[in-house]
Amino acid sequence: SSYLSYVPISKQQQAVGVVTMLRSAIARSRPLMAPRYDVAPFMVKWWKARVPNDGQITRTLSPYEQQAIMPWLRSFPKRFYDKFTGSFLYWGGAGAVVIGTAVASDAADAAEDFSHRF
């Protein structure tokens, strides 16, 4: 006989397999269906869809944090300088074009006014 030969399964064995699979699914979902004692009774409906994160660590900002902005303020000057010097060519060039256009148009307007003064 071959190692991968077909072995027929009886109807009773199929039924036992289905029942075992259903029991396994129900056993895994039992903690989700259990009443919650970790929240107030009036908040159970609000929190019922929340699934435990099984050890996942999340970082949040505490509402009781006293210096929430200080790390940002300490790093702000360096970040501002890096961003300013990194993009100066682009916005500096655009500013030069705008100022040059304004100066040239004022000079052209003054020249036209001078030529039509009488």
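A nonpolar patch on the surface of this protein is formed by I69, M70, W72, L73, F76, F80, F84, F88 and W91, which together have about 900 Å² of accessible area. The model is a predicted one. Helices α3 and α4 each contribute at least two residues to the nonpolar patch, and the largest share, six residues, comes from α3. One of the patch residues, L73, lies in helix α3; with a relative accessibility of 43%, L73 counts as partly exposed.

**Overall architecture**

The protein contains four helices and zero strands, and its elements follow the pattern α-α-α-α along the sequence. Of the 118 residues in the protein, 2% are buried. The exposed area of the protein is about 11700 Å², of which carbon and sulfur atoms supply 66%.

**Helix α3**

Helix α3 spans residues 70-86. Its 17 residues reach 25 Å from the first C-alpha to the last, close to the 24 Å expected at 1.5 Å a residue. Within α3 there is a kink of about 45° at F76, shortly before the proline P77. F76 is also among the members of the nonpolar patch.

**Aromatic pairs**

A search of the whole structure finds six aromatic pairs. Two pairs that involve W91 can be described in detail. The rings of F84 and W91 have centres 5.1 Å apart and planes at 55°; the angle is neither under 30 degrees nor over 60, so the pair is classed as tilted. F88 and W91 form an edge-to-face pair, with 5.1 Å from centre to centre and 85° between the planes.

F88 and W91 both belong to helix α4, which covers residues 88-115, and they are three residues apart, about one turn of the helix. An α-helix has 3.6 residues a turn, so residues three or four places apart point the same way. Ring pairs link W72, F76, F80, F84, F88 and W91 into a cluster, and these residues are also found in the nonpolar patch.

The relative accessibility of several patch residues is listed below.

| Residue | Relative accessible area | Class |
|---|---|---|
| L73 | 43% | partly exposed |
| F84 | 34% | partly exposed |
| F88 | 45% | partly exposed |
| W91 | 42% | partly exposed |

Membership of a patch requires over 30% relative accessible area. F84, at 34%, satisfies that cut-off, and W91, at 42%, satisfies it as well.

**The salt bridge**

One salt bridge is found in a search of the whole structure. It joins the side chains of K78 and D82, with a distance of 2.9 Å from N to O. This distance falls within the 4 Å cut-off for a salt bridge. K78 and D82 are four residues apart in helix α3, and so are separated by about one helical turn. The two partners differ in exposure class: K78 is exposed, with a relative accessible area of 58%, whereas D82 is partly exposed, with a relative accessible area of 40%.

**Summary**

Helix α3 thus brings together several of the features described: the salt-bridge partners K78 and D82, the kink at F76 and six residues of the nonpolar patch. Helix α4 holds F88 and W91, whose rings form the edge-to-face pair, and the ring cluster includes both of these residues together with W72, F76, F80 and F84.

Methods
Residues are numbered from 1 along each chain as its sequence is written. This is a predicted model: local features need pLDDT of at least 70, side-chain atom pairs count only at pLDDT 80 or more; totals for chains, interfaces and linings use all residues. Side-chain values use heavy atoms; hydrogens and water are left out. Buried means under 20% relative accessible area, exposed over 50%, partly exposed in between (1.4 Å probe, protein chains only). The expected span of a helix is 1.5 Å times one less than its number of residues. The bend at a residue is the angle between axes fitted to the seven residues ending there and the seven starting there. Accessible areas come from the Shrake-Rupley method with a 1.4 Å probe; for residues, only the protein chains shown count as cover. Rings of Phe, Tyr and Trp (its six-membered ring) pair if their centres lie within 6.5 Å; planes under 30 degrees apart count as stacked, over 60 as edge-to-face and the rest as tilted. Patches are made of residues with over 30% relative accessible area and no salt bridge: like charges are joined within 9 Å, nonpolar side chains (Val, Leu, Ile, Met, Phe, Trp, Tyr) within 5 Å.
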